[in-house]
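Work through the following exercises with the sequence and the model at hand. Each task is followed by a worked solution.

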Amino acid sequence: MSSLLQDGFGRSIDYLRLSVTDRCDFRCVYCMAEDMTFLPRQQVLTLEELERTARIFVAQGVRKIRLTGGEPLVRPGVVGLCQRIAALPGLRELVMTTNGSQLHKLARPLAEAGVKRLNISLDSLRPERFRAITRTGELGQVLAGIEAAQAAGFANLKLNVVVMHGRNADEVTDLVDFALSRGLDISFIEEMPLGQVGRERGESYCSSDWVRARIAERYSLLDSAEHSGGPARYVRLQGFPDSRIGFISPHSHNFCATCNRVRVTVEGRLLLCLGHEHSLDLRGLLRRHPCDDAPVLAAIRQGLLRKPLRHEFDTGDVQILRFMNATGG
């Protein structure tokens, strides 16, 4: 069944990114400030409200849900939530984005709960640099989590790399080598200007074209029409059939024309676009109508008509004050 949700430009919405927490055990330099104040517990959606939100969207043709954060695996009860969402009739795929810190103990329970794929953040292979980028993370713990995820049988594991000049751009080919040696996919992401993180983002901006050129110096790239339901553009590498290289390019290659997704933040804001503040207070609706989905769905349909045509990111200025952990990664 095709999606029953459409925006005002006729784009079908069949992909929901659902944040389960704004909290995280890392403090990545592109995601948040070093000193963070997180939301009070009463302001975040309960597990039951998260499940209900997922159910409403799946009943309207959403076929893919990605659980995000913050770091979703620090939320108590998240494995049970995964199991309940994965069982929703009509959902094709439940996936998750994680920093990998908890996978050494939760990879197998997640696979058993019905999570189909994982995206794992890995911005450096050098322990000291990894610590500097994440401020609190331990590279060895994340590498152990990647191994645990592979052992748990996850197919098409993907690494996510936010590329920044002056921090990790010189590791692009090393990270590709790491992914290829393990049969993993890897995506390189242009940094998004969300939140005041204490530095000028334009100084570190690294375009997807620059990254692709560095990879092409070592490998033969074959353009691919494949997609995973999100914004990434993929290439294959000659001689490495098990891995794909993706590029997510909000600045240099705007992907809004084919946008098929919305985000729900952990405080229950339905974000219609990553690059705008247009939103709908789903939390209020869910709590005012605890036993009736019809008013919630009507508000969602009306809200989608205000979904912008595109974002307007600028590499120098911060247009959106909310941090990425509050947006849903």
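**Exercise 1.** In which strand does R66 lie? Then establish whether R66 is buried or exposed, and list its contacts.

*Solution.* The model is predicted, so local features need pLDDT of at least 70 and side-chain atom pairs count only at pLDDT 80 or more, while totals for chains, interfaces and linings use all residues. Residues are numbered from 1 along each chain as its sequence is written, and side-chain values use heavy atoms, with hydrogens and water left out.

Step 1. R66 lies in strand β2, residues 64–68. Helices (H or I, at least four residues) and strands (E, at least two) are DSSP runs, numbered from the N terminus.

Step 2. R66 is buried because its relative accessibility is 3%. Buried means under 20% relative accessible area, exposed over 50%, and partly exposed in between, with a 1.4 Å probe and protein chains only.

Step 3. With neighbours within four places in sequence left aside, R66 contacts Y15, L16, R17, L18, V95, M96, T97, R117 and N119. Contact means heavy atoms within 4.5 Å.

Step 4. An unreviewed UniProt entry gives the feature "binding site" at R17, R66, T97, K158, R261, V262 and R263. UniProt positions are in the numbering used here, feature names are shortened, and annotations may be inferred rather than shown by experiment.

Step 5. R263, also listed in that record, is found in strand β10, residues 261–264. R263 counts as buried because its relative accessibility is 12%.

**Exercise 2.** Describe the aromatic pairs: how many does the structure hold?

*Solution.*

Step 1. There are two aromatic pairs. Rings of Phe, Tyr and Trp (its six-membered ring) pair if their centres lie within 6.5 Å; planes under 30 degrees apart count as stacked, over 60 as edge-to-face and the rest as tilted.

Step 2. F26 and F130 pair edge-to-face, at 6.0 Å centre to centre and 85 degrees between the planes. F26 sits in the loop between β1 (15–19) and α1 (47–59), and F130 in helix α4 (residues 127–134), 104 residues apart. F26 is buried, with a relative accessible area of 5%, and F130 is buried at 3%.

Step 3. Y219 and F240 also form an edge-to-face pair, at 5.6 Å centre to centre and 85 degrees between the planes. Y219 belongs to the loop between α7 and β7 (221–223), and F240 to strand β9 (residues 240–248), 21 residues apart. Y219 is buried at 13% relative accessibility, whereas F240 is partly exposed, with a relative accessible area of 30%.
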